[in-house]
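Me: Got a minute to look through this model with me? I have a few quick things to ask.

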Amino acid sequence: MGKLLIVGSVAFDAIETPFGKTDKILGGAAPFIGLAASQFRTKSAIVSVVGDDFPQAYLDLLTDRNIDISGIEVVKGGKTFFWQGKYHNDLNSRDTLVTELNTLGDFTPVVPSDFKNADVVMLGNLHPNTQMSVINQMEERPKLIVLDTMNFWMNNTWDELMDVIKKIDVITINDEEARQMTEEYSLVKAAAKIQEMGPKYVVIKKGEHGALLFHKENIFFAPALPLEEVFDPTGAGDTFAGGFSGYLAETGNISFENMKNAIIHGSNLASFCVERFGTERMQTLKKHEVEARLMQFRDLTQFNIELT
C-alpha cells in the first residue's frame, strides 16, 4: 500500500448550472482528489487550510474515507476559501462570480511527518511557491510528483511556475493551458515542448473529449465515457487527478504502460463526479459501480482490426 500526499484547496463552492444551484457546499481541489483516491488501496493525506467556519461533518467525511487530515490547518477566527460560479448552457464555459481566498491567501503548508516519505505527491492547483514548499519538505524524492496548474499562474507567476515544473514528473493541464504555455496549437508539439521544461509525462485533459498522455515519442489517448447527463462539471479534473494518482500510488508502477491504466481509472471516476453537484456523487460511490463502468470503458475502447 503506497502513500499519497495531496496538496490543494479545501473550500466552499456555490454552483449554478442549467439544472439547478447550490448554497455553500464542500469544494476545493483536495476533497475531489482525496475522495477519488480513496477508491484505491493507498494511505493518503491532505495538506490544506480552512477557517473555523468549516463544518466538522466535512472533516469527518474525509476521515471516514481513511484520509489523514492532520495536515489540514484550522485557523481560529478565519474563513474558508469560497468560490461561486455559474455555468453556461453548454457546461464547457463558466463565469466566476465570487472568489474569496480568505485563509488560503496566507497558507503555509506543513507536511505531516508520516507523509514526508510519500510515494506519490499530487500537487493541486495552487500558487507555485506553495507547491515548491511542499516539494522541499519531502525527506526523500517521491517516486512520482504530479502537478496541476492553470492559466492564472502562467499569467502571474511564470518564473516560479517554471522552477516547480523542473522538479516534477507529470503535469496535468487542459488543452487551452497547454497551448498557452507553449504557444503551439498542435498538442503534439505542445507536449514535446513541455517535456523539455522538465516533466517526463504530460497529461492534456480535453474534458468531454477525453485525455492525452505523452512520454517521449509515445502517445496514448483515452476517450471520455459518453454520458446521458452531465449535471455539474465542477471538480471533474481534480477527480481525474485523484484517480490517476491514487491508482499509481496503489500499484507502485510508474511506467508508461501503467500510466495508461491510470488515465482510464481517472477518466472513469471523473465520469461519476459530473453526475451530481460538487462532491455529492463521489461521497456515495460504491466499488461495484466503479468496476461496472470500467467494463464500459473496456468495451468502448477495445476492438480488433482485420487487415485486408
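**Chatting through the model**

Me: Where in the chain does Leu307 sit?

Reply: Leu307 is in the segment after helix 11, which covers 287-301. Keep in mind that this is a predicted model.

Me: And is Leu307 buried or exposed?

Reply: Leu307 counts as exposed, because its relative accessibility is 80% and the cut-off for exposed is over 50%.

Me: Which residues form a nonpolar patch with Leu307?

Reply: Phe303 and Ile305 join Leu307 in a nonpolar surface patch, and together they have about 430 Å² of accessible area.

Me: OK, switching to annotation. What does UniProt place at residues 5-281?

Reply: The UniProt record, an unreviewed entry, puts "domain: Carbohydrate kinase PfkB" there, at residues 5-281. In the model, that span is 35% helix and 28% strand, and its end C-alpha atoms lie 23 Å apart.

Me: Now charges. How many salt bridges does a search of the whole structure find?

Reply: The search turns up 13 salt bridges. One of them pairs Lys200 with Asp169, with 2.9 Å between the closest N and O atoms.

Me: Where do Lys200 and Asp169 sit in the chain?

Reply: Lys200 is in the loop between helix 7 (187-197) and strand 12 (201-205). Asp169 is in the loop between helix 5 (158-165) and strand 11 (170-174). The two are 31 residues apart, and the pair links distant parts of the chain.

Me: What about cover, is Asp169 buried or exposed?

Reply: Asp169 counts as buried, at 4% relative accessibility. Its partner Lys200 is partly exposed, with a relative accessible area of 42%.

Me: Which residue does Glu275 form a salt bridge with?

Reply: Glu275 pairs with Arg293, and their closest N and O atoms are 2.8 Å apart. Glu275 lies in the loop between helix 9 (256-273) and helix 10 (280-284) while Arg293 is in helix 11, so this bridge ties together parts 18 residues apart in sequence. Glu275 and Arg293 are both buried.

Me: And Glu289, what does that one form a salt bridge with?

Reply: That would be Arg281, with the closest N and O atoms 3.0 Å apart. Glu289 counts as partly exposed at 23% relative accessibility, whereas Arg281 is buried at 10%. Salt bridges with shared partners join Glu275, Arg281, Glu289 and Arg293 into one network.

Me: Nice. Next up, which element holds Thr42?

Reply: Thr42 is in strand 5, residues 42-51. Thr42 counts as buried because its relative accessibility is 10%, and buried means under 20%.

Me: What lies 2.7 Å from a polar atom of the Thr42 side chain?

Reply: The backbone oxygen of Gly2 does. Gly2 is also among the contacts of Thr42 once neighbours within four places in sequence are left aside; the list includes Met1, Lys3, Leu4 and Ala37, plus Gly246, Ala249 and Glu250.

Me: Ala37 is in helix 1, right at the end of 29-37. How many residues of that helix are buried?

Reply: Nine of its nine residues are buried, so helix 1 is mostly covered. Among them are Phe32, Ile33 and Leu35, along with Pro31 and Gly34.

Me: Backbone angles now. What is the phi of Asn66?

Reply: Near 60 degrees, a positive value in a residue other than glycine. Most residues other than glycine have a negative phi. Asn66 sits in the loop between helix 2 (56-64) and strand 6 (67-75), and counts as exposed at 63% relative accessibility.

Me: And what about the phi of Lys216?

Reply: Lys216 has a positive phi too, about 55 degrees, although it is not a glycine. Lys216 is in the loop between strand 13 (211-215) and strand 14 (218-222), and at 60% relative accessibility Lys216 counts as exposed.

Me: Last one. Where does Ile254 lie?

Reply: Ile254 lies in the loop between helix 8 (236-251) and helix 9. Ile254 is partly exposed, with a relative accessible area of 29%.

Me: Which residues is Ile254 in contact with, leaving aside neighbours within four places in sequence?

Reply: Those are Lys143, Leu144, Tyr201 and Met259. As for Val120, 134 residues away along the chain, its C-alpha is 9.8 Å from the C-alpha of Ile254.

Conventions:
Residues are numbered from 1 along each chain as its sequence is written. This is a predicted model: local features need pLDDT of at least 70, side-chain atom pairs count only at pLDDT 80 or more; totals for chains, interfaces and linings use all residues. Side-chain values use heavy atoms; hydrogens and water are left out. Patches are made of residues with over 30% relative accessible area and no salt bridge: like charges are joined within 9 Å, nonpolar side chains (Val, Leu, Ile, Met, Phe, Trp, Tyr) within 5 Å. Accessible areas come from the Shrake-Rupley method with a 1.4 Å probe; for residues, only the protein chains shown count as cover. A salt bridge is a side-chain nitrogen of Lys or Arg within 4 Å of a carboxyl oxygen of Asp or Glu. Helices (H or I, at least four residues) and strands (E, at least two) are DSSP runs, numbered from the N terminus. Buried means under 20% relative accessible area, exposed over 50%, partly exposed in between (1.4 Å probe, protein chains only). UniProt positions are given in the numbering used here, feature names are shortened, and annotations may be inferred rather than shown by experiment. A polar contact is a pair of N or O atoms within 3.5 Å; within protein, one must be able to donate a hydrogen and the other to accept it, and residues adjacent in sequence count only if both atoms are side-chain atoms. Contact means heavy atoms within 4.5 Å.
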